[in-house]
Amino acid sequence: MTGKIINYLIAFAVVIIITIWGLFLQSSNDYRFVINDKPLVSVSYLSKSGTLEENIIEKAEKLSLASRVFSLSNPDVKQADMAVGDFAQFADYNIVSAGDKEQFLATATIKNVGSDSNNFISEILEDKNNQKFASLYPNQNYKVYIQFKYESLSQPSMIIINKVTYPISKVDKDFYLVDNFRSTDNSSVGLKTDNQNLDIQEAFFATGKINLKSSLNRVFSSGEHELNLRDKSLEIKIPEKSFISLLAGPGIYLSNHSLSNTKPDLVDVSDYNYEFVGTTPRINLTETKALNFVFESAMYSINNSIDERRLLSNIEFSIILIIIVAGLYYYKSIISFAKRLVAKKELWDSRSKKFIQNRGVELAVFSTIMIFFLALRASPIGEQFFSATNLLTILFFFLLIILRFSVRYMILVLLSLIGVVAILEQLNYFVIGEKAGRLLFLLILIIAISIIFSNDQPIVKKHYGKQKKK
Amino acid sequence: MKISQILEEKLIRYRYVFLFYLFVSVLVFIKIFFSAGSVVGSDWGFPDNTSQIKIFFETLLHSWTRIGNLFGTRQLSPVSVIFIGPIYLLSTIGIPVSLVIKLSIVSVFALGASNLNLLLRYMNLKPSSALIGGLVFILSPVFFDYSLIGWIYVLFSLSMLPLFIYLFLRAIDSGNYRYVLLAAIVFSLAIIQSQTIIWYGLTTLSLVLGYGIVTKQFWRSLKYAFVLSVSFLALNFYWLPALILLPDQSAAGGEIVKSSISLGTSFRLSALNILRIWGSLYNYQFENSYPKVFEPLSFVVPIIGLSCIFFVKKFKRHISYLLLIFLIPALFYFIDRQVISGLPFANLIRDVARFSVLSTFALSAMIAITIDQLQAIRGSIHRWLFPLIFLVLFFNAYPFWSGNLFALPKSGFDFRLRTKVWPTEYEDLNQKLQSENQEQRAIFLPLGGLVSLSDDLRYNGAFHEVPDVYSGYSPIPATISFSDRSYGASSEIVYAIDQSIKNQDIDQLEYLSALAKINFIVIRRDMDFYDWDENKKLDFENKLKSLVISGRADTYMDQGEIYAIKFKTEEKIIDAHNQLVEISSNSGKILADYLNIQFINPDQFKEIDQYRQISELFPGKNLFTHSQQNSILSSFVQGAPDGYKFLSLEKVRDIMLLQKWGYYQQNLNLKLDEGIKKDNRKSILAIERTSLPTDINGKYIVYLNEDVSNSTAYFESKSAESSKLNINGNNYTLKPAGDGLLSIEALSLSRGPNIFQVEDKNITPLLLKTKSLSTDTVIPKIIPKKLNASEYSIKIENARDDFYLNFAENFNSYWRVTKTGKLFDRELVSADNHFVSNGFGNGYKIKLSDLEKAGAGSKNFDDTFSGEIRLVFWPEKMIMPGLVITTLSLTIILYLLFTNCQEKGKVR
């Protein structure tokens, strides 16, 4: 009876495997591509976030502020796509957010400084009163929107950009405007106020299209183009030195058939709409869509990142099912193995009791020491010496002492530790993983030393190489 | 049993094993055999044809080479001949070089697997386990990544490692020292990769400590380690003594450990990656090709390997040293690179990531042990565990069997194995150059040694460039390779040439070409130049064509992708001059004594940046030398300078900022060693603490060694609006001095710092000329003749006065002037008369009395002097005696190996 149920379960698992793979293979994708005609706003800023979470919050804040700046600078544009990054090559509008000195130093490259023939950057950095810094495009007209920290204390009337004073006017409840600021050949800027009590909270430089050597003409839906969808490929024909912005279903992106074509850019954008409810934000931060920017006529293959993720989860799910099926198939062996374990349980119990009895004093001493160290952590100096890592290392050594540096026990600890670091790595706990990894190598060293200096005689066969049968 | 019998017995079995692995390797690399052209890309830069390999081979036979730097550089060792020699031989019998290179890749793979198989069989592993062990070894990330990047020497060294260990172990077990001699031969072959000396050395140490102690054969193993060292030294006597007795900074120093490339290589290195033998390269193609879903499996591999410790009773003697070898990369990873770089000959260690080869070997061997012992386990566990392990190992080799060696790159810095068929006109040009006088120079543009091809995305952009083999192995020297290794004295002229091309300043390029004895300029139209677009490339080509139109050059070739010109004035590498003009900048003194700045490298102040303008202030055939360069590179005794260069305070501030920026940027790397970070922080603080004078705009300093009177200060003027100047607080007016120059004459200045302040930014101080030169000395006729890459004979005819000899090859203090060029010959020009000439070359003050005293010539009837001297690169002189010792040692070793002698058979 049990056998029958197991057979049914196995058959059921096989059916599930076939079904999920069948569904996967059958899944029809909507590969329709639509030419996106909405203007593109490129928003660039120097990030100061250190973690993924900070990065998400920072991005949302910057986009939100940039959307307000955009609505102030271009009230006529009712709908647009906003992308974070430097997309001046494609963008119809560009907004640059100024950053702090540290960010500016960290992200500017040596090349910028090296080619700074007139010491522009040097002067900007040397001026200790400069509060915000940015790298702009040269010889471009910008509208500068500034938000102050302590506005209520005094009314700002001036702002100094690269030693030149500009009058500012209030344009919004938060923002002040410098109309028509022009960047020079040296595109780096430093901003400061004429009043030391005024701190700049944010500064945005907004401009229209930037004409770069690498700038491309946009192909609109009404323009000259050809899109031919063939199975999982898309043939695109556009004029030279132009690009087309294509919108497809979620997760769909284009890639090259061959290396001889330039890879399309996949850009995540957020919807900007002047009519969004309320005054702020004017941007939809809850969902993004991906645009494929293609700038070369060629045949492109269509990929779906959602399908790729599904493939991975299908593989993982199938592996688990196969393990379950194997477990069911070999259930008798597993049960007998379990029975053997149960039979040995009493033996283990008595051994573990003996083990604890033999090492009772050690355990007590080590526990006391650990509690003492933990107590020392209360003081600042103790905290410095008995960090979590150091305490874990000490604990680890106590464990090895309790195990009497027995190679057999140590290898078990070692293999378990590898399992732990593998899990930590999968969960992206790199810092702890790295520390555990170091511990792991220490353990290997201890094992190696234990093996080399142990008194066990190695088993040696008399003949080496080919064994001859007599 | 005789060694010869053992070799015979092993070789018979080895042959079949090798053929099996060769078959597997060919399957892995099958695609390159069906792709036309040479394997290229990243560091894959082997010659493309027989004439190129001939050039490469011949240059390896000397201590001075012009491959990689057209101004010449020291060849530290000729060991590459071990690999290149056979390829050259095969190419001479008609086998295409590209095919030989492809065959060598699969052979190295097969060799590695077979050697490990041999060692595993020696450990008494079953043939099937040994076979799997070999496969695991060559299907590891290191073999994958290094074959893509082109580090075949590393792979060769790694492939020979198991054989080396096998021989050393066999020596300890049998008590037969002959195995050690064989191990020394293997070691000497593997030395083609410089790190081998560290890797094999540490492996030997691991064997002595692990195997020696466990088998109670410590003293014997120590004795054999000594025999090994002595034999290795004897076998490598053809290059080692020169390196030790005549040291070179590029080997003896430690700066390469901290170079950006070395640090970059270790970018992926982490404790967890070392554990699973990942992260041995910045371009982590294996890891990149590894499916995300299989990633946890990568940790199962070390679990399988380290599980061999369960069988420690049976394999104690082997597990002991395998664990130690496995730990070596981790050990180097944990040591701060600031500490490593301070070790003598640390440049040999170079990058830590490369040490993964050792853990790769050890883990593969341990995996084989585990597999072997699992086969012996009886019961149901064997039924499922064994296939499961196979499955894991099979999936772990996914990047190999899925064809990822030839796939599309996954990211910008990723690249895969590619082949390239070069345009025929490239070879046509080299053939044409073959018929030219070989003592000339060319520059093939773009510079750099690695080139990006405009019309082929497989070779376009950063990380996808290809080695410029047609300039690298050109019949006349033609490459300036950009790398993290110093070019020595020539770095400043290299920089100046690069700038002149970048700025399309064709007059400056022409001038520098004459100075550097460059007679040809070649552009390849299908390559990328800086960030130039097609129009800018065309502009540059037109500027070169204008040289032809103006009659200063001839079109040498205009065919397909090649456009080459040849200057009409053919410059010689060796010539004589009657005057030496010594220019001092005293920048080191100004920084240290006057500004109290201790941390700026004086190298930052380019000595020859205004060379062209300065040389025009001293008419006649003069040789120039710069005191700043001499103080760093030579032992030249300084005289009273003929002119002083100005040091701009604004430039000092820029360099300080640039350095601060550099340190700051480097410290952003979270993986950077704490020692290096600390050092950088110290430098940042030092820069921040330094306070330059408040008003530095337009200020220049001249630091005089003595009081000067009646001197003239020259200024370059670019549409100057004002001619006012302030010197030490006094106002002066500048006067036109022709050729766009302004000057102030009859200046009296005192010793120490003198401050010049220019208000107009269009006026740049050029030189403070303190003396005029007498021109009554006569330049003698000299006839130089190249004897080989490291030796020239120079005939001197009718010399009346002492003169200056200019040898326009990269300055090196080991270039010596002697009478006959023999080993014990005395130097005719002492080190204090050997200086850096024209900003890069070797200049010598030749005293006729010294030549006469040494018998290098005699006086003629008209009281003139005629004679002959030799210009010799001294390390070359140590090759021949060394080679004799090496040959003798090899003969003795071979004699000892093949004489009748029984093994002692002291196996425990």
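**Surface patches, domains and salt bridges in chains A and B**

Arg340(A) is partly exposed, its relative accessible area being 49%. The structure described here is a predicted model. Arg340(A) belongs to helix α7 of chain A, which covers residues 331–358. Together with Lys344(A), Arg351(A) and Lys354(A), Arg340(A) makes up a positive patch on the surface. Since membership of such a patch requires over 30% relative accessible area, the value of 49% for Arg340(A) meets the cut-off.

A nonpolar surface patch is also found in chain A. The residues forming this patch are Ile423(A), Leu427(A), Tyr429(A), Val431(A) and Ile432(A), and their combined accessible area is about 520 Å². Ile423(A) is located in helix α11 of chain A, residues 407–426. With a relative accessible area of 53%, Ile423(A) is classed as exposed, because the class begins at values over 50%.

Both chains were divided into domains. In chain A, the assignment gives domain 1 (2–28 + 307–326), domain 2 (40–207), domain 3 (216–274 + 287–303) and domain 4 (334–453). The centres of domain 1 and domain 3 of chain A, calculated over C-alpha atoms, are separated by 36 Å. In chain B, the assignment gives domain 1 (3–11 + 137–406), domain 2 (418–567), domain 3 (579–769) and domain 4 (781–874). Between domain 1 and domain 4 of chain B, the distance from C-alpha centre to C-alpha centre is 49 Å.

Over all chains, the model contains 48 salt bridges. One of them, in chain A, pairs Lys38(A) with Asp271(A), with 2.6 Å between the closest N and O atoms. This pair connects distant parts of the chain: Lys38(A) is in the loop between β1 (34–35) and β2 (40–44) of chain A, whereas Asp271(A) is in strand β18 (residues 265–273) of chain A, and the two are 233 residues apart. Asp271(A) has a relative accessible area of 24% and is partly exposed.

In chain B, a salt bridge is formed by Asp558(B) and Arg525(B), whose closest N and O atoms are 2.8 Å apart. Here too distant parts of the chain are linked, with Asp558(B) in strand β9 (residues 553–559) and Arg525(B) in the loop between β8 (518–524) and α27 (534–549) of chain B, at a separation of 33 residues. Asp558(B) is partly exposed at 45% relative accessibility, and Arg525(B) is partly exposed at 24%.

A further salt bridge of chain B joins the side chains of Asp609(B) and Lys651(B), with an N to O distance of 3.8 Å. Asp609(B) is in the loop between α28 (587–594) and α29 (611–615) of chain B and Lys651(B) in helix α31 (residues 649–667) of chain B, so that the pair, 42 residues apart, ties together distant parts of the chain. The relative accessible area of Asp609(B) is 35%, in the partly exposed range. Lys651(B), at 31% relative accessibility, is likewise partly exposed. Elsewhere in chain B, Arg66(B), Glu439(B), Arg441(B), Lys786(B) and Glu809(B) are joined into one network by salt bridges that share partners.

Val469(B) is found in helix α24 of chain B, residues 469–472. Val469(B) counts as buried because its relative accessibility is 3%, where the class requires under 20%. The C-alpha atom of Val469(B) is 6.1 Å from that of Pro47(B), a residue 422 positions away along the chain.

Terms used:
Residues are numbered from 1 along each chain as its sequence is written. Chains are lettered from A and ligands numbered from 1 in the order in which they are written. This is a predicted model: local features need pLDDT of at least 70, side-chain atom pairs count only at pLDDT 80 or more; totals for chains, interfaces and linings use all residues. Side-chain values use heavy atoms; hydrogens and water are left out. A salt bridge is a side-chain nitrogen of Lys or Arg within 4 Å of a carboxyl oxygen of Asp or Glu. Helices (H or I, at least four residues) and strands (E, at least two) are DSSP runs, numbered from the N terminus. Buried means under 20% relative accessible area, exposed over 50%, partly exposed in between (1.4 Å probe, protein chains only). Patches are made of residues with over 30% relative accessible area and no salt bridge: like charges are joined within 9 Å, nonpolar side chains (Val, Leu, Ile, Met, Phe, Trp, Tyr) within 5 Å. Accessible areas come from the Shrake-Rupley method with a 1.4 Å probe; for residues, only the protein chains shown count as cover. Lys and Arg count as positive and Asp and Glu as negative; His and the chain ends are not counted. The place of a charge is taken as NZ of Lys, CZ of Arg, CG of Asp or CD of Glu. Domain bounds come from an automatic or database domain assignment.
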